[in-house]
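Colleague: Could you take me through one part of this model up close, the place where two helices pack, and then follow it outwards from there? Plain talk is fine.

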Amino acid sequence: MILNNDVLQAKGLKLNPPPAPVGSYVQCLQSGNQLHLSGGISVNGDDAYYGKVGTEVDLATAQKAAAAAILNRLAVIQHELGGFERLTKIVAVNGFVNSSPDFTDQAKVLNGASDLLVELFGPEAAHTRSAVGVAALPLNVAVEISMVVEIEPDYAG
């Protein structure tokens, strides 16, 4: 899968350096031909989204938060693999939405991430997904996303 940088630029988006973990974990771990990515928050450089969706954050802004979180995760993949040439499939996207008690559109929020992946990588970026509403997220971010991706094995010649 090749990242469509033209789409990134046209949308005014960029991949920032991957964030350092804020706890006792690693950003990603390779197991066989998969990378398992820890939860990344809705912060991509200066593009940051905080607050409870449904009261402090509206749906359109929450979708932007999901896009920021997915860009955050893509930065980790890029750093780990040295680019996207070895990326073969987006397997799963698991999203957590900092939701007010009566907010029930978590799936629509996560469309902000899923739709961006398809725009950036094409239809082969279709993936499985969970969209879960939670009472709170670290640092009061609006969205957190973890992922599983498939990669080509790294053969050292």
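Modeller: Here is a walk from the helix pair to the core and then out to the loops.

Keep in mind that this is a predicted model. Two packed helices are described by the angle between their axes and the distance between the axes, so let's begin with those. The pair is H2, residues 59-81, and H3, residues 106-121; their axes come within 7 Å and cross at roughly 50°. That angle makes H2 oblique to H3, because oblique takes in what lies between the parallel cut-off of 35 degrees and the perpendicular range of 65 to 115. As for the hand, H2 and H3 cross in a right-handed way. On the H2 side, the contact is made by Leu 59, Ala 62, Gln 63, Ala 66, Ala 67, Ile 70, Leu 71 and Leu 74. H3 answers with Lys 108, Val 109, Leu 110, Gly 112, Ala 113, Leu 116, Leu 117, Leu 120 and Phe 121. Sort the residues of this contact by type and you get 14 nonpolar, two polar and one charged.

Now for the core. In soluble globular proteins, nonpolar side chains tend to be buried together. Here the largest nonpolar core has 43 residues, and Phe 121, Ile 145 and Met 147 are the ones with the most contacts inside it. Phe 121 is also one of the H3 residues that touch H2, so you can use Phe 121 to step from the helix contact into the core. The elements that give two or more residues to the core are helix H1 (5-10), strand S2 (34-41), H2, strand S5 (87-98), H3 and strand S7 (143-151). H2 provides the largest share, 12 residues.

Met 147 is a good place to stop and look around. Setting aside residues up to four places away in sequence, Met 147 touches Leu 35, His 36, Leu 37, Ile 70, Arg 73, Ile 77, Ile 90, Ala 92, Val 93 and Leu 117. Two of those, Ile 70 and Leu 117, turn up in the contact of H2 with H3 as well.

Back on H2, have a look at Ala 69, which is found in that helix. Ala 69 is buried, with a relative accessible area of 0%, because anything under 20% counts as buried. Beyond its neighbours up to four places away in sequence, Ala 69 is in touch with Gly 40, Ile 41, Ser 42, Val 143 and Ile 145. Ile 145 is among the residues with the most contacts inside the core. Ala 69 and Val 97 are 28 residues apart in sequence, and from C-alpha to C-alpha they are 11 Å apart in space. Thr 61 is found in H2 too, but Thr 61 is partly exposed, with a relative accessible area of 29%. The C-alpha atoms of Thr 61 and Ala 131 are separated by 16 Å, with their positions 70 residues apart along the chain.

Next, the loop between strand S6 (128-134) and S7, where Leu 139 is found. Leu 137 sits in that loop, and at 12% relative accessibility Leu 137 counts as buried. Leaving aside neighbours within four places in sequence, Leu 137 contacts Phe 96, Val 97, Asn 98, Ala 142, Val 143 and Glu 144. Leu 137 and Gly 51 are 86 residues apart along the chain, yet their C-alpha atoms are separated by 9.1 Å.

Leu 139, by contrast, is exposed, with a relative accessible area of 58%. Most residues other than glycine have a negative phi, and most peptide bonds are trans. Leu 139 has a positive phi, near 60°. Asn 140, which lies in the loop between S6 and S7, has a positive phi as well, near 65°. At 39% relative accessibility, Asn 140 counts as partly exposed.

One more loop to finish. Gly 45 is in the loop between strand S3 (43-44) and strand S4 (47-48), and Gly 45 is partly exposed at a relative accessible area of 39%. Gly 45 and Pro 17 are 28 residues apart along the chain, with their C-alpha atoms separated by 7.8 Å.

How values were computed: Residues numbered from 1 in each chain as written. Predicted model: local features only at pLDDT ≥ 70, side-chain atom pairs only at ≥ 80, totals over all residues. Heavy atoms only, no water. Axes fitted to C-alpha atoms, helices over the stretch in contact; angles between N-to-C directions. Helix = DSSP H or I, 4+ residues; strand = E, 2+ residues; numbered from the N terminus. Parallel < 35°, antiparallel > 145°, perpendicular 65-115°, else oblique. Left-handed = near helix turned anticlockwise from the far one by under 90°. Contact = heavy atoms within 4.5 Å. Nonpolar A, V, L, I, M, F, W, Y, C, P; charged D, E, K, R; others polar. Core = buried A, V, L, I, M, F, W, Y, C linked by side-chain atoms within 4.5 Å. Buried < 20%, exposed > 50% of the residue type's maximum accessible area, 1.4 Å probe, protein only.
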